[in-house]
Amino acid sequence: MLVGAFACAHTPQLLARPGTEDRDLVLRVHAAFARVKRRLEALRVDALAIVAGDHVEAFFLDAVPALAVYVGTECAGTFGRYRYRFPIHEPLARSIVEQGVERGFDLFYTQQAPLDYAFYVPLHFTMPEPAVPIVPLHVNVYLPPQPTPRRCYEWGRALGEILRARPERVAFMASGGMSHFPGTDRYASPEFEYDRRLLDALKDGRGRELAAVTGEELDKMGNIELRTWATLLGALGDAKADVYCYEPSWHHGNAVVEWVP
Amino acid sequence: MNDQPHYRFPPASAYRLNRCLFALKSDDGFRARFVKDARAAMGELGLDAADAAALLRGDRDALLARGAHPYLVFMADLRLRMEREPVSFEFF
């Protein structure tokens, strides 16, 4: 069963809280994360499927998967002093790989790859209590050529069908976005208006519009990570977004959003 | 230049440079060796003189021009600063 759907920002400054950040803004995003955590507890989820774009942590140029599924017993990652370890819901992960391949998606899978902060920053704040196992799903966003938003949307549609047919109560979370340009001259000038227009479309239930956006446009708007949102939206169809927060910082459009699938 | 994508296909000619930036970002042992003796650490990965010089200068534009991935340049620098100034985080 697919019982909940969320999108969460994952900028590491939310975790590390350097002096460069606006304290009140960060705390407002934390408050939105706390709402997600309470929702996940109310939904009594058995597992959390989380789609994120690895930031060249698990997958360097030695092997660049477009779409990958973690199918080990557990996964772990570190970022400075922060260390995380999560059990993987192995039957769910395995059925995603097997049924995904049956549906025509040539998936990469791993039983032992490091977990990127794109996964554990949102999980740090939103993991329900008691904690549930996860299924990390990777979409390549940082190493061109990336999968098209349309391909991500189609993969999400297949994922939605797979999750709905499962016996577990599963929440689906997209990690990433919105506009930011790490490592480029645009770092301090994201495209906040683009984000706001997109959020308006999502509030109207027009998520499928993201499938028609080009990769070139995403790059131009600092939104290469919205491939994870396109994946989530593929599973949701025309559901309307409930935007918990949109907080534009000096370098990042931080959004936290819920959809009822 | 403005029409260029922000994130470009990483040229194979920059593989060793990107490998070094990746190690600075994600390999605690390599980063510690780099902080202790940068030239020796870069030598482990076979960086050529021009790549090594750009990295030692922290010259972002030169690194990008040589094919470095912008995100790797950004995070390698951040992780080195985290190593050198561990108290500059968790202000609130």
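The paragraphs below lead through this predicted model, from the overall form of chain A to some of its single residues and then to its contact with chain B.

A good place to begin is the make-up of chain A, whose secondary structure comes to eight helices and 10 strands. The radius of gyration of chain A is 17 Å, close to the 18 Å that the globule rule gives for 261 residues, so the chain is as compact as a globular protein of that length. Along its principal axes the C-alpha trace of chain A spans about 45 × 40 × 35 Å, and 54% of the 261 residues of the chain count as buried. If we consider contacts in chain A between residues at least 6 apart in sequence, we find that 83% of them join residues at least 24 apart.

From the whole chain we can turn to one strand, S7 of chain A, which covers residues 134-139. Six of its six residues are buried, so strand S7(A) is largely enclosed by the rest of the structure. Both of its faces are covered, since A:Ile134, A:Pro136 and A:His138 are buried on one side, while A:Val135, A:Leu137 and A:Val139 are buried on the other. Which strands pair with S7(A), and in which direction do they run? Strand S2 of chain A, residues 47-52, is joined to S7(A) by five bridges, and these two strands run parallel; within this pairing, A:Leu48 has A:Ile134 as its bridge partner. Strand S3 of chain A, residues 67-70, is joined to S7(A) by three bridges, and here the strands run antiparallel, with A:Ala68 standing opposite A:His138.

These strands also lead us to the nonpolar core. In soluble globular proteins, nonpolar side chains tend to be buried together. In this model the largest nonpolar core has 109 residues, and those with the most contacts inside it include A:Ile50, A:Val135 and A:Phe172. When its neighbours within four places in sequence are left aside, A:Ile50 is in contact with A:Phe119, A:Leu123, A:Ile134, A:Pro136, A:Leu137, A:Met173 and A:Ser175.

A helix of chain A, H5, offers another view of how residues are buried. This helix runs through residues 149-164, so numbered along chain A, and its 16 residues reach 22 Å from the first C-alpha to the last, close to the 22 Å expected at 1.5 Å a residue. Its buried residues include A:Arg151, A:Cys152, A:Trp155, A:Gly156, A:Leu159 and A:Leu163. An α-helix has 3.6 residues a turn, so residues three or four places apart point the same way.

The loops of chain A hold several residues that deserve a careful look. A:Glu225 is placed in the loop between helix H7 (215-220) and helix H8 (226-236) of chain A. Is A:Glu225 buried or exposed? A:Glu225 has 24 other C-beta atoms within 10 Å, and because 20 or more are enough for a residue to count as buried, it is buried. Although A:Glu225 and A:Val51 are 174 residues apart along the chain, their C-alpha atoms are separated by 10 Å. Beyond its neighbours within four places in sequence, A:Glu225 is in contact with A:Gly53, A:Val141, A:Gly176 and A:Gly177.

Two further loops contain cis peptide bonds, with omega near 0°. One of these bonds runs from A:Glu129 to A:Pro130, and A:Pro130 is found in the loop between helix H4 (117-126) and S7 of chain A. The other runs from A:Pro144 to A:Pro145, where A:Pro145 is in the loop between S7 and H5 of chain A.

The backbone angle phi also draws attention to A:Arg17 and A:Val56, since in each of these residues phi is near 50°, a positive value in a residue other than glycine. A:Arg17 lies in the loop between helix H1 (13-16) and helix H2 (23-42) of chain A, and with 17 C-beta neighbours inside 10 Å it counts as partly exposed. A:Val56 lies in the loop between S2 and S3 of chain A, and with 23 C-beta neighbours inside 10 Å it counts as buried.

Finally, we come to the second chain, where 21 residues of chain B are in contact with 22 residues of chain A. On the side of chain B that touches chain A, the elements that give two or more residues are helix H1 (15-26) and helix H6 (70-84) of chain B, and H6(B) gives the most, with six residues. The residues of this side of chain B divide into 15 nonpolar, four polar and two charged.

Methods. Residues are numbered from 1 along each chain as its sequence is written. Chains are lettered from A and ligands numbered from 1 in the order in which they are written. This is a predicted model: local features need pLDDT of at least 70, side-chain atom pairs count only at pLDDT 80 or more; totals for chains, interfaces and linings use all residues. Helices (H or I, at least four residues) and strands (E, at least two) are DSSP runs, numbered from the N terminus. A residue is buried if 20 or more other C-beta atoms lie within 10 Å of its own, exposed if 12 or fewer, and partly exposed in between; C-beta atoms are placed from the backbone. Two residues are in contact if their C-beta atoms, placed from the backbone, lie within 7 Å. Ala, Val, Leu, Ile, Met, Phe, Trp, Tyr, Cys and Pro count as nonpolar, Asp, Glu, Lys and Arg as charged, and the others, Gly among them, as polar. The radius of gyration is taken over C-alpha atoms; the globule rule is 2.2 Å times the number of residues to the power 0.38. Two strands pair if DSSP finds at least two bridges between them. A nonpolar core is a set of buried Ala, Val, Leu, Ile, Met, Phe, Trp, Tyr and Cys residues joined through C-beta atoms within 7 Å.
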